[in-house]
Amino acid sequence: IFSVTAYTPLKCYNCQGYDDTFRPDNNANNKYCSNKYWDASKAAKVSNNDIGAHFDNPFCVVLTYPSPTKGRTLQVRTMWGYTNYNGVKTLMSFNGTTAVPANLERSTESVDMNGNFCQKDLCNSAIGSLKGGSLLIAVCLTLLTKLF
């Protein structure tokens with residue numbers, strides 16, 4: 001017997017940046033991905049229409065965390081969701097081509113990361129447009145883990 005799991009279609013912005021002390025890069029250090037210079041027309045988008053991203057309960061995310069350069073912050077915008085990975089329900093990130101386990105390690109130091117989550121198409125744009133509240137990422141992940 002073959003069964004198909006239904007999924008909820010979702011589109012999210014997918015980029016990270018911006019620190020002007022680093023080399024500009026459309027994917028890894030996109031000036032227009034930052035809250036300060038946000039421009040939706042210059043930010044990549046991802047969709048979970050790809051079979052590799054048919055997550056359970058997908059959501060768009062914006063993470064804000066300190067840059068290695070003192071006094072600056074970076075934003076990461078992407079799509080997350082849960083899927084069965086090696087037999088374990090795992091939080092995954094989708095970059096448009098590949099779903100990988102979400103990696104929240106940015107350094108060996110303890111840093112505050114703020115996370116904003118939403119579940120409407122392209123809702124992870126400028127931070128002011130997010131309907132979800134801003135929480136410390138550790139609290140968010142704890143709550144999400146308990147929900148699933």
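Which residues does N29 touch, not counting residues up to four places away in sequence? The answer is Q16, G17, Y18, D19, F22, R23 and P24. That little neighbourhood is a good way into this structure, which is a predicted model. We'll come back to N29 after a look at the whole chain.

## The overall layout

The protein has 148 residues, and 37% of them count as buried. It contains one helix and nine strands. Read from the N terminus, the order of elements is β-β-β-β-β-β-β-β-β-α, so to speak a run of strands with the helix at the end.

How much of the contact network links residues that sit 24 or more positions apart? Take the contacts with a separation of 6 or more: residues 24 or more positions apart account for 59% of them. On the outside, the protein exposes about 8,900 Å², and carbon and sulfur atoms supply 53% of that area.

## Three disulfides

How many disulfides does a search of the whole structure find? It turns up three. Here they are side by side.

| Disulfide | S to S | Angle about the S-S bond | Hand |
|---|---|---|---|
| C12 to C60 | 2.0 Å | -85° | left-handed |
| C15 to C33 | 2.2 Å | 85° | right-handed |
| C118 to C123 | 2.0 Å | 95° | right-handed |

If you number the bonded cysteines in sequence order, the pairing reads 1-4, 2-3, 5-6.

Start with C12 and C60, joined by a disulfide with an S to S distance of 2.0 Å. C12 belongs to strand β1 (residues 11–13) and C60 to strand β4, so this link ties together parts that are 48 residues apart in sequence. Both ends are well hidden by the numbers: C12 is buried at 0% relative accessibility, and C60 is buried at 0% too.

Next comes the disulfide between C15 and C33, with S to S at 2.2 Å. C15 sits in strand β2 while C33 is in the loop between β2 and β3, so the parts tied together here are 18 residues apart in sequence. C15 and C33 are buried as well.

That leaves C118 and C123, whose sulfurs are 2.0 Å apart. Buried or exposed? C118 is buried, with a relative accessible area of 9%, and C123 is buried with 12%.

## Back to N29

Where does N29 sit? Its place is in the loop between β2 (15–17) and β3 (45–47), and C33 is found in the loop between β2 and β3 too. N29 has 5% relative accessibility; buried means under 20%, so N29 counts as buried.

What does the side chain of N29 reach? It gets to the backbone nitrogen of D19, at 2.9 Å. D19 is also one of the residues that N29 touches, along with Q16 and G17, among others.

## T90, a buried residue in a strand

T90 lies in strand β6, which covers residues 88–94. With a relative accessible area of 15%, T90 is buried. Its side chain reaches the backbone oxygen of V88 at 2.8 Å. Leaving aside residues up to four places away in sequence, T90 touches G81, Y82, T83, Y85 and P101.

## One salt bridge

Side chains of opposite charge can pair when their charged atoms come close. How many salt bridges are there here? The count comes to one. The partners are D56 and K89, and their closest N and O atoms are 3.6 Å apart. D56 lies in strand β4 (residues 56–66) and K89 in strand β6 (residues 88–94), so the pair ties together parts that are 33 residues apart in sequence.

Are these partners buried, exposed or partly exposed? D56 is partly exposed, with a relative accessible area of 31%. K89 is partly exposed too, at 43% relative accessibility.

## Putting it together

Strand β4 turns up in two of these links: it holds C60, the partner of C12, and it holds D56, the partner of K89. Strand β6 is home to K89 and to T90. The C12–C60 cysteines are buried, whereas D56 and K89 are partly exposed.

Technical notes. Residues numbered from 1 in each chain as written. Predicted model: local features only at pLDDT ≥ 70, side-chain atom pairs only at ≥ 80, totals over all residues. Heavy atoms only, no water. Salt bridge = Lys/Arg side-chain N within 4 Å of Asp/Glu carboxyl O. Helix = DSSP H or I, 4+ residues; strand = E, 2+ residues; numbered from the N terminus. Buried < 20%, exposed > 50% of the residue type's maximum accessible area, 1.4 Å probe, protein only. Contact = heavy atoms within 4.5 Å. Areas by Shrake-Rupley, 256 points an atom, 1.4 Å probe, with all protein chains shown as cover. Polar contact = N/O pair within 3.5 Å; in protein donor to acceptor, adjacent residues only side chain to side chain. Disulfide = S-S within 2.5 Å.
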